[in-house]
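Please open the structure in your viewer and keep the sequence beside it. The tour below moves from the chains to the spaces between and within them, and then to selected helices and loops.

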Amino acid sequence: MNAPETMKQFRPKGFRHVGTRPVRPDGVDKVTGKALYSPDFKAPGMLWGAILRSPHPHARIISIDTKKAEALVGVKAVATGRDLPTLESLVMHVGEGASDIVDVSHNCLALDKVLYEGHAVVAVAATSPEIAREALGLITVEYEELPFVLGVEEALAEGAPVLHDNVFTKGVEPKPEKPSNAAMRVEMGGGDVEGALASAAATVTERYTLEPVHQGYIEPHACVASWNGDGQAQIWTSSQGHFAVRSLTASVLAMPQSDIRVTPLEIGGGFGGKTTIYLEPVAMVLSRKSGRPVRLAMTREEVFRATGPAPGAVIDVRIGADAEGTLVAAEVEFLYHSGAYTANDAGAGVSSAIGHYRIANTRVVGTEVLCNRPAAKAYRAPGAPQVNFAVESAIDELAGKLGIDPLELRLKNAAAEGDPQTSGLPWGRIGWVECLEAARAHPHWSAPLGPNQGRGIAGGYWGNYGGPSTVNVSVAEDGTITVATGSPDIGGSRASMAIMAAEVLDVPYEQVRSVVADTASIGVSMVTGGSRTTFATGMATVQAAEDVKSILCQRAARMWGVSDDQVEWRSGAVVCLEGEKQGQSMTAAAIAGRSFHSGGPIAAVAALSAKGWLPGFGVHICDTEVDPETGHVKIVRYTAIQDVGTAIHPDYVEGQMQGGAAQGIGWALNEAYIYGKNGKLDNAGFLDYRMPVASDLPMIDTVMVEVPNPAHPYGVKGVGEVPIVPPLAAVANAIHGAIGQRLRDLPMVPDRVYAALHPEG
Amino acid sequence: MVRIVVMPPFDKEFFGEFINDGRLDLAPHNLFDLVEKLEALAPGFAAIAPARVHFAVDGVLETDWTRELAQAQEVIVLPRVGGG
Amino acid sequence: MSKIHVSTTVNGDATEYLCEPTSSLLDVLRDTMGLTGSKEGCGSGDCGACTVVLDGEMVCSCLVLAAEAEGRTVATIEGVAEGSVLHPVQQKFLEHAALQCGFCTPGFIVAAKALLDRNPNPTETEVRYWLAGNLCRCTGYDKIVRAVLDAAAELRQERTPA
Ligand code: FES
Ligand code: FES
């Protein structure tokens with residue numbers, strides 16, 4: 001073990017609850033197996049659904065014959081793309097980039113064309129899972145196979161098969177006349193890149209590549225839907241946002257949102273991949289047809305073939321510095337896999353590339369490329385890790401050429417508050433320099449290395465988000481508090497909401513309980529994504545708790561017969577400051593117990609669109625040991641340093657940093673989609689898509705740097721996404737340190753490392 | 001007048017023929033009004049704006065489109081970045 | 001095909017069920033008996049979310065046929081606590097925040113308890129290798145390993161007479 005135990009003493013000053021580490025309120029249910037996740041839910045009389053998926057990467061659907069399946073005893077409904085309404089194109093934003101609702105619909109059930117192996121084509125509902133699966137075997141789909149394309153460069157080549165005849169590259173002038181697989185192009189920057197590179201003392205010009213990777217949540221997608229003849233429906237599912245499930249499902253089915261009540265079940269991981277819908281409209285249609293609730297659940301294989309992944313990429317970097325190590329120019333051009341549909345997300349890659357450095361001359365160009373793979377979905381800091389891997393590797397290469405320490409080179413050029421981002425907007429109160437300084441001061445940075453070992457460092461950032469959240473804080477008759485939010489709890493947010501409400505009200509943590517309410521029981525809230533929940537839903541929690549505190553004060557004042565300004569909230573109770581009751585105090589219990597005779601129940605709703613979010617920055621230090629015989633890379637020591645604003649519940653902040661680092665290490669070393677020549681995914685299971693296991697990793701040391709966000713009552717900055725950004729380059733740089741060879745293609749699997757060690761073959 | 005700076009991809013996607021260097025001058029009273037004025041120049045912009053656009057007023061992102069622009073110098077129209 | 005009748009013991013209770021010859025023990029636990037604490041992350045023996053103990057041996061219940069439980073004893077996550085009193089492994093998972101989404105947690109707790117039942121004093125490396133069949137995508141394993149080591153220490157103390 002290498003993490004110093006001193007981290008446990010971490011505690012921001014001046015708070016009673018913020019910065020403490022209480023047990024989460026949903027904890028006991030989750031360690032005893034009682035918590036209900038998506039695949040655990042059953043409705044009375046429920047049918048079991050199953051989905052027939054395309055065996056081809058690209059084909060036209062000529063005909064679908066479902067007669068035999070419908071005749072099978074026990075089959076109650078069959079649905080195809082024809083059962084979904086025809087929709088007008090509408091781009092919707094649900095918190096992870098924008099999707100056209102027509103694409104969302106066609107991705108749920110294909111219409112006319114299948115665009116990737118695994119694309120859903122027909123769905124059935126039957127009285128048992130066995131019958132549903134048997135029915136799939138009785139369906140005949142006639143396809144006309146079309147040429148397919150998997151790689152981004154191949155997809156842009158002249159004569160490549162074009163996926164959509166209505167996609168004309170967005171963001172180019174003049175507007176293209178021909179449809180193509182280049183869905184969108186975004187270019188930013190300024191200055192004279194060529195001139196500055198020509199006069200630079202050292203330059204690096206390299207290409208870096210990454211394969212698509214899956215988010216890898218352990219809970220497969222599942223839902224139960226029940227849609228009655230009167231138009232009203234219920235959906236039980238886990239997601240990163242049940243309001244997004246409601247709005248997307250209602251839009252796909254062209255029905256009123258208020259007719260759908262979505263009850264959030266516990267979510268077994270999302271990482272961005274559960275900010276959309278795959279199954280819900282299909283289960284709804286099957287339910288409407290059969291008159292019974294219907295469960296649809298994916299197998300792990302279906303999860304791999306039909307959901308996620310994060311885009312793979314081809315990235316060209318040119319970067320230069322003067323002899324003192326001042327960066328003078330950078331050019332980054334990348335192609336991202338978009339998969340079957342436009343993700344409208346190239347901008348995230350562009351703004352996450354080089355904004356962390358002060359560089360006078362820049363050009364960043366990102367293109368999103370359609371290809372016959374599942375539609376790319378958000379994965380933790382979507383679009384950032386890929387381009388960061390390229391840039392932070394190139395910075396390391398440049399440091400080597402200049403003979404400058406890679407940490408010092410970063411520090412010398414690090415952007416700070418007021419410096420421009422790639423978009424030209426000035427950075428706010430960011431903690432990037434503070435993180436680099438913490439890295440330099442950390443014992444890990446100067447610890448000796450053993451044989452075959454190398455050390456790498458990389459820094460990265462993510463913009464984070466705010467946005468809409470609704471919170472209801474209510475006081476029970478005994479004075480205990482319930483906080484109801486519309487934000488699914490993926491990693492401890494119930495605990496952090498309870499902490500913040502307890503902090504405002506200055507009452508014991510256990511006096512506040514926090515729940516996630518369904519779409520009919522609380523107002524709209526955006527997804528738990530974009531690292532926004534502790535920030536934005538936290539802001540709403542603080543505001544609603546403040547309002548409750550004011551109401552409690554007013555009620556006490558009225559009972560005492562004094563004015564509102566003659567009372568004050570102190571240590572969880574109202575104190576009378578003047579008059580004959582001066583010095584008396586009334587607890588929340590005393591006030592709430594009499595609330596029915598003093599104006600009614602006590603509750604407050606805060607519905608807001610949170611502003612003032614700030615980006616997060618992280619620096620990771622990684623030590624690797626490379627086995628020269630096999631090329632196997634072992635992570636021997638790892639430290640993640642991050643500006644977290646203020647840590648509300650430090651255990652869960654550390655947990656985000658450790659989990660993000662582990663995912664990034666998996667991306668760097670093992671994970672990749674592997675396709676056969678036939679356009680089919682060869683590794684659609686956890687055996688062949690290998691995510692890190694406990695024995696692959698050391699303890700992951702964490703350092704929480706606190707540069708509070710002035711716009712949040714407790715200084716919160718989003719923390720969840722940043723930690724997946726730096727690991728890719730940190731590992732690559734550490735491997736370079738160990739073997740003196742640079743690997744520019746992920747994943748850095750043993751045969752690639754071995755080949756780098758033995759170039760003679 | 002407020003200087004409106006339209007960043008990629010929207011400059012080329014919508015406003016290529018109206019602006020030089022991604023800049024134009026308008027007098028919107030708030031951001032809703034700005035969206036309307038931009039829609040008048042480039043039909044289709046208003047439909048995608050809520051999902052794909054962020055506005056920055058004098059260097060600070062502003063998600064409240066009722067924000068008054070009488071005192072503003074510059075509004076940047078830039079791509080909205082989501083999250084996972 | 002006709003169903004198979006099985007008599008078995010689950011978490012100490014004698015139980016009977018009818019199952020398809022192809023059903024897994026996990027299917028029957030979850031769908032027939034309503035014991036949904038054991039999770040299905042893969043159905044192919046690769047994630048450990050379905051871990052149970054069968055006649056004292058840790059197994060992936062997705063790889064065991066339901067019919068194979070005939071005459072044997074099955075212990076699942078639902079039987080780890082004694083009534084409302086959590087097992088030290090469960091308690092330490094809570095104290096160390098060793099779960100984020102919690103979906104992998106039942107499998108980890110059953111596996112960790114099986115480890116500590118046979119090895120009360122494991123090293124960090126032994127814990128990591130024992131748990132290598134359980135996937136967690138959220139935590140990076142750090143806090144899980146600490147929770148298990150801490151639970152081991154507490155169990156050793158409980159066993160030592162004062
Ligand atoms: S479900 Fe049994 S090992 Fe994954
Ligand atoms: S806590 Fe989510 S998979 Fe382990």
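How far apart are the nearest C-alpha atoms of chain B and chain C? Bear in mind that this is a predicted model, and colour it by chain before looking for the answer. Chain B and chain C do not touch, and their nearest C-alpha atoms are 14 Å apart. There are 2 pairs of chains in contact, and of these it is chains A and C that share the most contacts.

**First stop: an open pocket**

Select Asp100(A), Asp103(A), His164(A), Asn166(A) and Val167(A), which are the residues nearest the centre of the second largest pocket, out of the 36 that line it. The space in this second largest pocket comes to about 920 Å³. To see which elements give two or more residues to its lining, add α3 (101-108) of chain A, and then, from chain B, α1 (10-14) and α3 (45-52). If you colour the lining of the second largest pocket by class, you will find 16 nonpolar, 9 polar and 11 charged residues.

**Second stop: an enclosed cavity**

The structure also holds 8 cavities of 30 Å³ or more, and the largest cavity contains about 560 Å³ of space. Centre the view on Thr528(A), Thr534(A), Gln656(A), Val719(A) and Gly720(A), since these are the closest to the centre of the largest cavity among the 34 residues that line it. Three stretches of chain A are worth showing as ribbons here, namely α15 (493-505), α16 (533-560) and α18 (650-669), which are the elements that give two or more residues to this lining. By class, the lining of the largest cavity divides into 19 polar, 11 nonpolar and 4 charged residues.

**Third stop: two helices beside the cavity lining**

Keep α15(A) and α16(A) on the screen, and turn the view until you can follow how their axes cross at roughly 35 degrees and come within 9 Å. The crossing of α15(A) and α16(A) is right-handed. Show side chains next: on α15(A) the contact includes Ser493(A), Met497(A), Met500(A) and Val504(A), while on α16(A) it includes Thr534(A), Thr537(A), Thr541(A) and Ala545(A). Taken as a whole, the contact of α15(A) with α16(A) has 8 nonpolar, 7 polar and 2 charged residues.

**Fourth stop: a perpendicular pair**

Move on to residues 384-402 of chain A, which form helix α11, and residues 406-413 of chain A, which form helix α12; these two helices pack at an angle of about 110 degrees, with their axes 9 Å apart. Because angles of 65 to 115 degrees count as roughly perpendicular, α11(A) and α12(A) are described as roughly perpendicular to each other. From α11(A), select Glu392(A), Ile395(A), Asp396(A), Ala399(A) and Leu402(A), and from α12(A) select Pro406(A), Leu409(A) and Arg410(A), for these residues make the contact. That contact of α11(A) with α12(A) has 5 nonpolar residues, no polar ones and 3 charged ones.

**Fifth stop: an oblique pair**

Now select helix α7 (residues 242-252) and helix α8 (residues 280-290), both of chain A, which pack at an angle of about 55 degrees with their axes 9 Å apart. This angle makes α7(A) oblique to α8(A), and the crossing of the two helices is right-handed. Where they meet, α7(A) brings Val245(A), Thr249(A) and Val252(A), and α8(A) brings Glu280(A), Pro281(A) and Met284(A). The residues of the contact of α7(A) with α8(A) are 4 nonpolar, 1 polar and 1 charged.

**Last stop: backbone details in loops**

Look for Pro174(A) in the loop between α5 (152-156) and β9 (182-190) of chain A, where a cis peptide bond with omega of about -5 degrees joins Glu173(A) and Pro174(A). Then travel to Pro747(A), in the loop between α19 (727-739) and α20 (750-757) of chain A, and examine the peptide bond from Leu746(A) to Pro747(A), which is cis with omega near -5 degrees. Finish at Asn464(A), found in the loop between β18 (453-462) and β19 (467-475) of chain A; Asn464(A) is not a glycine, yet it has a positive phi of about 65 degrees.

Terms used. Residues numbered from 1 in each chain as written. Chains lettered and ligands numbered in written order. Predicted model: local features only at pLDDT ≥ 70, side-chain atom pairs only at ≥ 80, totals over all residues. Heavy atoms only, no water. Axes fitted to C-alpha atoms, helices over the stretch in contact; angles between N-to-C directions. Helix = DSSP H or I, 4+ residues; strand = E, 2+ residues; numbered from the N terminus. Parallel < 35°, antiparallel > 145°, perpendicular 65-115°, else oblique. Left-handed = near helix turned anticlockwise from the far one by under 90°. Contact = heavy atoms within 4.5 Å. Nonpolar A, V, L, I, M, F, W, Y, C, P; charged D, E, K, R; others polar. 1 Å grid on protein atoms, 1.4 Å probe; cavity = no way out; pocket = protein on both sides within 12 Å on 5 of 7 lines; lining within 4 Å. Points joined across faces, edges and corners; volume = space filled by probe spheres on them.
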